[in-house]
Amino acid sequence: MALTTFQAELEAFAAAAQAAFIAAADADALEAARVEYLGAKSGRLKDVQKQLGGVPKEDKPAAGKAFNDAKTVVEAAFNEAKERLGSGAQATSREPFDRTLPGKRAPLGHLHPITQTIDELKDLMGRLGFTVAVGPEIEDEWHNFEALNIPAAHPARDPLENFYLSTAKVSTGKPGAAKSDAAKSDSGAPLLLRSQTSTVQIRVMENTKPPVRIISLGRVYRPDTADATHYPMFHQIEGLLIDRHVTMADLKSVLRLFASSFLGGDVHIRFRPSFFPFTEPSVEVDMSWHDDKGNLRWIEMGGAGMVDPNVLAAVGYDPEEVTGFAFGLGVERVCARRHNVTDIREFYRNDVRFLHQF
Ligand code: DAH
């Protein structure tokens, strides 16, 4: 058979096959066309391939190439038809819909573990009669330091230990205003991101008469390097109780209830003598846990103490009349301890695989 004759046969085959695939109206028709044209045993492609044997030897390479090209084109036409029918075929699938199969649940978000902890602590302390107070995250030095008995020369007020605000954000807009000045409140006092929620104690006492029984939960900021137990932004729960005849024993029983209710009945608390300018005496509060080997271990959760008379006087209370206790604990630490998280940075990596566990 001459090369030209073979090529003509090949073209006729390819045209017919493509037309058949395009014409196929459903999957069954397409399958029938496939068997007819591409079927491995008796398809028409096979017939054409057999004729290749009759082409003169010197024309074989050209004939072989033409055959392969035609085969590729026809197979592509088949795949295209299959895809076209496939998508439609699914929608009109004759498979009955099994309504007993379990459904696909839409993924649902939930509250961040720190938010959950805050909500639970509000609930817990609410049952002990503490109401929730809030204060601003941008504070003046009076509420963050002065009224808390932290005088101007105190190292805690070092600009390197705090996030003072610069004029860049709170610009007065006056052309002559000195750029290097720290941001000022309306009264001209410098402003900073609060470094502790103790600020709220002052704000509450300035506006209410004793007795006072509040907690305050919120973000605080310190230029600390992040590590397993520190983060430049973290949350504190502040507690304040002012009344007549309040003692250190009241403080300890409230914190013990806090620990056993939130962390578990077997959790102990421990006070270590310490110093805070706004309390006297002052203690560091540790809570216990058992490590893998069952050993008793302690974690520092924050500070506490009896409110310093200077603080009571600063807000206009009479230290001879009333006393009180205060405490400030790290929410991340309490939450981490509750869930056996060993690194508080995990809370802020925004890895949903971690966050979804809570
Ligand atoms: N404000 C302290 C801190 O940030 C914690 C603290 C200690 C709060 C003693 C208190 C307190 O209310 O009485 O480290």
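Here are a few questions and answers about the cores, one helix and the domains of this predicted model.

Residues are numbered from 1 along each chain as its sequence is written. In this predicted model, local features need pLDDT of at least 70, side-chain atom pairs count only at pLDDT 80 or more, totals for chains, interfaces and linings use all residues, and side-chain values use heavy atoms, with hydrogens and water left out.

User: Which helix gives the most to the largest nonpolar core?
Analyst: Happy to help! A nonpolar core is a set of buried Ala, Val, Leu, Ile, Met, Phe, Trp, Tyr and Cys residues joined through side-chain atoms within 4.5 Å, where buried means under 20% relative accessible area (1.4 Å probe, protein chains only). The largest one has 40 residues, with I237, M287 and F327 making the most contacts inside it. Helices are DSSP runs (H or I, at least four residues) numbered from the N terminus, and the top contributor, with seven residues, is α8.

User: Why do the buried residues of α8 lie on the same side, and what arc do they cover?
Analyst: The buried residues of α8 are L251, V254, L255, F258, A259, F262 and L263. An α-helix has 3.6 residues a turn, so residues three or four places apart point the same way. Taking directions from the helix axis to the C-beta atoms, the buried residues of α8 are on the same side because their arc is only 135°.

User: How far apart are the C-alpha centres of domain 1 and domain 2?
Analyst: The bounds come from an automatic or database domain assignment. That assignment gives domain 1 as 3-85 and domain 2 as 113-135 + 201-355. Their C-alpha centres are separated by 81 Å.

Definitions and conventions: Buried < 20%, exposed > 50% of the residue type's maximum accessible area, 1.4 Å probe, protein only. Helix = DSSP H or I, 4+ residues; strand = E, 2+ residues; numbered from the N terminus.
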